[in-house]
Amino acid sequence: MIDKMLVMGILNVTPDSFSDGGLFDSTEKAIARGLEMMAEGAEIIDIGGESTRPGAQRTSQDEELQRTIPVVKALAESGAVISIDTMRAEVARAAVEAGATYINDVSGGIADPQMHATAAELDVKYILMHWRGHSVDMNSQAIYSDIVADVKSELSVQIEKALAAGISRHNLFIDPGLGFAKDAEHNWELLTRIDEIVELGYPVLIGASRKRFLGGDTPLEREGATLDVTRGLIGKGIWGVRVHSVAPHRELISHG
Ligand code: PMM
């Protein structure tokens, strides 16, 4: 049983990110924010260059590389543990060459057929999230007979593919993908029955931070609800939480 969740700090290097409003869209600002999150106690910094908010259009691979790689390199050189939030095998490869040690693939290997083989070859940690389709139309795919059972079985299919491609069991992490092709009720049900996802036997990451299902009109208004979700996950065997506000989460997890 994992009783101390780690904190993964979110660093979206996207001008259209719903949660930071493009505040950290320049390389320098992103690096500064990454250093700040390290100082606040984030165990991992998750760097992403493509927005995945519902309805978002895709970012080109070149743009994604330009946004993320300089930030990955600078923060890795500063000693941070870096995760690259990408669905593209070539971006993952470039990020690992620049110092990333985790690949956070929100598509779980579905978006890029080369991803599992690339992660296996690079021999880095691979976070496999539940996903049904790209952001532009994912809301129409939020149809389940039993959300938890369905997510579990779809995750299992991707886990088997990842293992078959050569990803080591000890490098595999899973995530139910809150907000991805799921409505509010689905997300809450997943959180309530999270033990069933933990039962799959892989470390579980949860990304609820400031998502719409938490209510409130603006991302900042969802901060209190984000902390409530994290509080509710303590003691449930969760490996980590992916959050925007590192310091309050670090404090909550360490001292309650
Ligand atoms: N959510 C977002 C992006 N990447 N990665 C993982 N593993 N889990 C998530 O829930 C997740 C993710 C979208 O949220 P953001 O725009 O706030 O980064």
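1. Ala, Val, Leu, Ile, Met, Phe, Trp, Tyr, Cys and Pro are counted here as nonpolar, Asp, Glu, Lys and Arg as charged, and the others, Gly among them, as polar. The model is a predicted one, in which local features need pLDDT of at least 70 and side-chain atom pairs count only at pLDDT 80 or more, while totals for chains, interfaces and linings use all residues. Residues are numbered from 1 along each chain as its sequence is written, and side-chain values use heavy atoms, with hydrogens and water left out.

2. On the cavities: a cavity is a set of points, on a 1 Å grid over the protein atoms alone, where a 1.4 Å probe fits but cannot get out, and its lining residues have an atom within 4 Å of a point. Grid points are joined across faces, edges and corners, and a volume is the space filled by probe spheres set on the points. Three cavities of 30 Å³ or more are found in this way, and the largest holds about 50 Å³. Its lining comprises three nonpolar, five polar and two charged residues, including Glu 50, Arg 58, Met 87 and His 134.

3. On the ligand: 16 residues surround it, the closest being Asp 85, Asn 104, Asp 175, Lys 211 and Arg 242, where a residue is near if one of its heavy atoms lies within 4 Å. By class, this shell divides into six nonpolar, six polar and four charged residues.

4. On polar contacts of the ligand (pairs of N or O atoms within 3.5 Å): a nitrogen atom of the ligand lies 2.9 Å from a polar side-chain atom of Asp 85, whereas oxygen of the ligand is found 2.7 Å from a side-chain N or O atom of Lys 211 and 3.3 Å from a polar backbone atom of Gly 207. The protein buries 97% of the 420 Å² that the ligand exposes when taken alone, with areas from the Shrake-Rupley method and a 1.4 Å probe.

5. On the sheet: eight strands (DSSP runs of E, at least two residues) form an open, parallel sheet in the order β6-β5-β4-β3-β2-β1-β8-β7, pairing being accepted where DSSP finds at least two bridges. Because β6 (172–175) and β7 (205–206) each have a single partner strand, one side of each is left without a neighbour in the sheet. Strand β5 (residues 125–129) pairs with β6 over four bridges, and Met 129 stands opposite Asp 175.

6. On the backbone: most residues other than glycine have a negative phi. Asp 123, however, has a positive phi of about 55 degrees and sits in the loop between α4 (115–122) and β5; Arg 210 has a positive phi of about 60 degrees.

Methods
On a 1 Å grid over the protein atoms alone, a cavity is a set of points where a 1.4 Å probe fits but cannot get out, and a pocket is an open set with protein on both sides within 12 Å along at least five of seven lines; lining residues have an atom within 4 Å of a point. A polar contact is a pair of N or O atoms within 3.5 Å; within protein, one must be able to donate a hydrogen and the other to accept it, and residues adjacent in sequence count only if both atoms are side-chain atoms.
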